[in-house]
Amino acid sequence: MKYHTKNTPGTQETPSKVQQQHFPCGQCGADLEYSPGMRNLSCEYCGHENQITDEPVVIQEYDFATALEALAQAERHPLDSTQVIKCPNCAATFELKTDQHAGDCPFCDTPVVIGTEHVRPFQPKSLLPFIITEKDARTAFDNWIGNLWFAPSALKDKHKRDEKLLGIYVPYWTYDSHTDSIYHGQRGTVYYERRMVTQMVNGRAQRRAVNVPRIRWTPASGKVRQFFDDILVGATRALPRKILDSIQPWDLQNLVSYNEAYLSGFQSEIYQVDLDEGFNQARMLMDQAIRQSVRRDIGGDQQQIHSLNTHYSNTTFKHVLLPVWSAAFRYQNKTYRFIINGRNGRTQGERPYSKVKIALLAITIAVGLAGAAYYLETSGALEQMMYQLDSPSYNYYYR
Ligand SMILES: [Zn+2]
Ligand SMILES: [Zn+2]
């Protein structure tokens with residue numbers, strides 16, 4: 001695919017052949033894998049430290065409008081994600097998993113990384129390398145499952161599980177944007193009306209005055225301006241996005257330039273959510289924040305937003321890879337997936353609930369409530385509480 005405008009990614013000519021890389025040791029030639037947290041590939045055979053030469057970190061933002069134009073002008077081939085590779089070690093031909101561009105040769109286990117220029121118009125320009133090792137990830141998972149309420153006890157016993165952890169670089173878009181929004185709505189101000197109500201005191205009805213809250217609505221309109229930096233949108237369809245979103249935050253200030261050496265021995269995904277679709281998702285995230293600003297701008301005690309019109313300008317984007325450990329475990333014939341942030345160990349996932357534990361808690365609560373009700377009835381505490389009804393925040397009833 002031709003793609004050449006200034007200040008947009010993918011400026012190199014499309015290579016006719018799939019570029020692939022493996023990382024032989026500079027001393028003994030053995031294939032090297034990246035070790036989380038390291039800035040070199042250390043050889044497990046001869047111990048040689050092979051330095052990773054990081055490009056100078058220039059984390060550039062690309063202009064969104066220019067990129068969309070260029071995309072529209074380019075012929076839109078259906079994106080192909082089949083990656084046929086010839087193993088650099090054993091010469092076997094094999095395919096990587098769909099939508100992946102880093103993995104192992106199934107015949108000799110050699111880690112291979114290939115470029116994505118021939119399948120996607122945008123290439124990742126930066127990434128966060130793994131810091132959390134597989135061992136750390138396993139510990140993080142054990143802690144997570146150990147702290148879960150209502151998780152079946154059998155699951156907390158690590159010897160009874162056989163989850164396999166997989167290190168994957170997941171594609172993300174990040175967007176920056178200046179927003180100017182015009183809104184129309186209403187400002188609600190709370191005031192109190194004094195009313196007579198009937199209350200039961202010592203089993204007898206009594207009339208008394210209480211303050212009842214009311215809201216006065218007045219029209220409000222105005223403008224808010226907000227700048228958004230690095231709105232993150234996952235560009236994968238292979239991993240559950242809801243779980244992925246909940247392992248944030250990511251330390252994007254530590255992004256390094258894309259370097260295939262960091263991918264060696266890991267899997268890496270090709271983006272499946274396009275640039276424009278990603279921006280639509282980013283807009284929804286920004287919209288939530290803008291609505292909060294509008295509410296602050298309206299002020300008062302309550303706010304209604306009737307219309308909101310947002311103009312986005314100077315929108316830029318980056319395409320980055322972020323490291324996660326992903327795995328699944330089986331429990332009573334169901335599969336549950338979980339994901340661990342490869343930078344800070346934050347863990348989230350699908351989880352089974354122990355029906356027995358929940359039932360036990362329900363019983364405890366029921367018994368507790370019955371006990372509390374008995375106490376209230378016999379001690380007169382209920383009546384004491386009724387006396388405090390003068391405050392408007394309590395419940396009352398009208399007649
Ligand atoms: Zn070596
Ligand atoms: Zn091979």
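Reader: Is Tyr 62 buried or exposed?
Author: This is a predicted model, so we go by computed values. Anything under 20% relative accessible area counts as buried. Tyr 62 comes out at 9%, so it falls on the buried side. The word you want for Tyr 62 is buried.

Reader: And Phe 317, buried or exposed?
Author: The cut-off for burial is again under 20%. Phe 317 has a relative accessible area of 1%, so Phe 317 is buried.

Reader: How many aromatic pairs are there by the ring rule?
Author: Two rings of Phe, Tyr or Trp pair up if their centres lie within 6.5 Å. Going through the model that way, the count of aromatic pairs comes to 20.

Reader: What kind of pair do the rings of Tyr 62 and Phe 317 make?
Author: Their ring centres are 5.9 Å apart, and the planes meet at 45°. Under 30 degrees would be stacked and over 60 edge-to-face, with the rest called tilted. So the pair of Tyr 62 and Phe 317 is tilted.

Reader: How many residues apart in sequence are the parts that this pair ties together?
Author: Look at where each partner sits: Tyr 62 is in strand S4 (residues 62-63), while Phe 317 is in strand S14 (residues 302-331). The pair therefore links parts of the chain whose separation in sequence is 255 residues.

Reader: What about Phe 141 and Trp 144: which kind of pair are they?
Author: Here the centres are 5.9 Å apart and the planes are at 40°. That angle is neither under 30 degrees nor over 60. So Phe 141 and Trp 144 are tilted.

Reader: Which helix holds Phe 141 and Trp 144, and are they buried or exposed?
Author: The two are three residues apart in one helix, so about one helical turn separates them. That helix is H2 (residues 134-147). As for access, both Phe 141 and Trp 144 are buried.

Reader: Which residues form an aromatic cluster with Trp 325?
Author: Rings join up here through the aromatic pairs. The cluster holding Trp 325 also takes in Tyr 34, Phe 130, Tyr 169, Tyr 262 and Phe 266.

Reader: Where does Trp 325 sit relative to the second largest pocket?
Author: That pocket has a volume of about 340 Å³. Of the 16 residues that line it, Trp 325 is one of the closest to the centre, along with Glu 33, Glu 134, Gly 167 and Gly 265. So look for Trp 325 in the lining, among the residues closest to the pocket's centre.

Reader: Which strands each supply at least two residues of that lining?
Author: By class, the lining of the second largest pocket has six nonpolar, six polar and four charged residues. The strands that each give at least two of its residues are S7 (100-104) and S10 (166-201).

Reader: Which residue has its charged end over the ring of Tyr 271?
Author: Tyr 271 also helps line the second largest cavity, together with others including His 101 and Glu 269. That cavity holds about 30 Å³ of space. Over the ring of Tyr 271, 5.3 Å from its centre, sits the charged end of Arg 120.

Reader: Is Gln 51 buried or exposed, and which residues does it touch?
Author: Gln 51 belongs to strand S3 (residues 49-51). Its relative accessibility is 59%, and over 50% means exposed, so Gln 51 counts as exposed. Leaving aside residues up to four places away in sequence, Gln 51 touches Arg 39 and Asn 40.

Conventions: Residues are numbered from 1 along each chain as its sequence is written. Chains are lettered from A and ligands numbered from 1 in the order in which they are written. This is a predicted model: local features need pLDDT of at least 70, side-chain atom pairs count only at pLDDT 80 or more; totals for chains, interfaces and linings use all residues. Side-chain values use heavy atoms; hydrogens and water are left out. On a 1 Å grid over the protein atoms alone, a cavity is a set of points where a 1.4 Å probe fits but cannot get out, and a pocket is an open set with protein on both sides within 12 Å along at least five of seven lines; lining residues have an atom within 4 Å of a point. Grid points are joined across faces, edges and corners, and a volume is the space filled by probe spheres set on the points. Helices (H or I, at least four residues) and strands (E, at least two) are DSSP runs, numbered from the N terminus. Ala, Val, Leu, Ile, Met, Phe, Trp, Tyr, Cys and Pro count as nonpolar, Asp, Glu, Lys and Arg as charged, and the others, Gly among them, as polar. Rings of Phe, Tyr and Trp (its six-membered ring) pair if their centres lie within 6.5 Å; planes under 30 degrees apart count as stacked, over 60 as edge-to-face and the rest as tilted. Buried means under 20% relative accessible area, exposed over 50%, partly exposed in between (1.4 Å probe, protein chains only). A charge sits over a ring if NZ of Lys or CZ of Arg is within 6 Å of the ring centre and within 35 degrees of the ring normal. Contact means heavy atoms within 4.5 Å.
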